[in-house]
Amino acid sequence: LAAGESMVIRAPAGSGKTTILKDYARRWSEKKFLYVVYNKSVQEDKKSEFGKAGLLDRVTVSTVNAIAFKATIETHRRKIRGAELTTGEVGWILGRKMRPAEARVKLEALSAFCRSNA
């Protein structure tokens with residue numbers, strides 16, 4: 001791969017994606033690779049596998065959700081700090097319906113967390 005180029009390997013389970021990526025990571029030790037998985041359990045499994053192969057310095061294993069979260073966290077933090085979220089949005093973010101009073105309590109707790117250094 002030339003500088004600035006990227007490659008996507010998309011194939012069904014068991015087709016050799018991990019094996020190919022291990023080979024590429026060994027061959028191009030100066031490059032960084034991103035291995036995208038769809039859930040946390042697969043992420044942990046693949047991180048362990050790449051770790052045992054000594055490749056975690058070159059291969060980052062991440063879920064789709066984690067990538068999306070990283071891409072949008074600052075926008076969300078600004079909204080939460082500014083208390084711009086509605087109680088309906090809080091319920092949507094948390095994935096369940098709730099009464100406005102419950103949503104306000106959760107929003108206040110989330111807002112306090114985002115203002116902290118945690």
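**Figure 1. Pairing of strand 1 with strand 2 in the predicted model.** Leu 34 has Thr 60 of strand 2 as its bridge partner. The two strands, residues 33-37 for strand 1 and residues 59-63 for strand 2, run parallel and are joined by five bridges. Between them the chain passes through helix 2 (residues 40-52), and the resulting β-α-β crossover is right-handed.

**Figure 2. Alternation of side chains along strand 1.** Phe 33, Tyr 35 and Val 37 point to one face of the strand and are buried. Leu 34 and Val 36 point to the other face and are not buried.

**Figure 3. The buried side of helix 1.** Helix 1 spans residues 17-27, and its buried residues are Thr 18, Leu 21, Lys 22 and Ala 25. These residues lie on the same side of helix 1 because they cover an arc of only 105 degrees around the axis. An α-helix has 3.6 residues a turn, so residues three or four places apart point the same way. The cover over the buried residues of helix 1 includes strand 1, helix 2 and strand 2.

**Figure 4. Surroundings of Lys 46 in helix 2.** Lys 46 has a relative accessibility of 15% and therefore counts as buried, the cut-off being under 20%. Its side chain forms a polar contact of 3.1 Å with the side chain of Thr 18. With neighbours within four places in sequence left aside, Lys 46 is in contact with Thr 18, Tyr 35, Val 37 and Val 61.

**Figure 5. The largest nonpolar core.** This core has nine residues: Leu 21, Ala 25, Phe 33, Tyr 35, Val 37, Phe 50, Leu 55, Val 59 and Val 61. At least two residues come from each of helix 1, strand 1 and strand 2. Strand 1 gives the most, with three residues. Leu 21 touches Phe 33, Tyr 35, Phe 50 and Val 59, residues up to four places away in sequence not being counted. Another core, of five residues, lies apart from this one and has Leu 85, Val 90, Ala 103 and Leu 107 among its members.

**Figure 6. Pro 100 in helix 5.** Helix 5 covers residues 100-115 and includes Pro 100. Pro 100 counts as partly exposed because its relative accessibility is 42%, which falls between the cut-offs of 20% for buried and 50% for exposed. The C-alpha atoms of Pro 100 and Thr 87 are 5.6 Å apart in space, although the two residues are 13 residues apart in sequence.

Conventions:
Residues are numbered from 1 along each chain as its sequence is written. This is a predicted model: local features need pLDDT of at least 70, side-chain atom pairs count only at pLDDT 80 or more; totals for chains, interfaces and linings use all residues. Side-chain values use heavy atoms; hydrogens and water are left out. Helices (H or I, at least four residues) and strands (E, at least two) are DSSP runs, numbered from the N terminus. Buried means under 20% relative accessible area, exposed over 50%, partly exposed in between (1.4 Å probe, protein chains only). Two strands pair if DSSP finds at least two bridges between them. A crossover is right-handed if, with the strands pointing away from the viewer, the path from the first strand over the helix to the second runs clockwise. The arc is that of the directions from the helix axis to the C-beta atoms. Contact means heavy atoms within 4.5 Å. A polar contact is a pair of N or O atoms within 3.5 Å; within protein, one must be able to donate a hydrogen and the other to accept it, and residues adjacent in sequence count only if both atoms are side-chain atoms. A nonpolar core is a set of buried Ala, Val, Leu, Ile, Met, Phe, Trp, Tyr and Cys residues joined through side-chain atoms within 4.5 Å.
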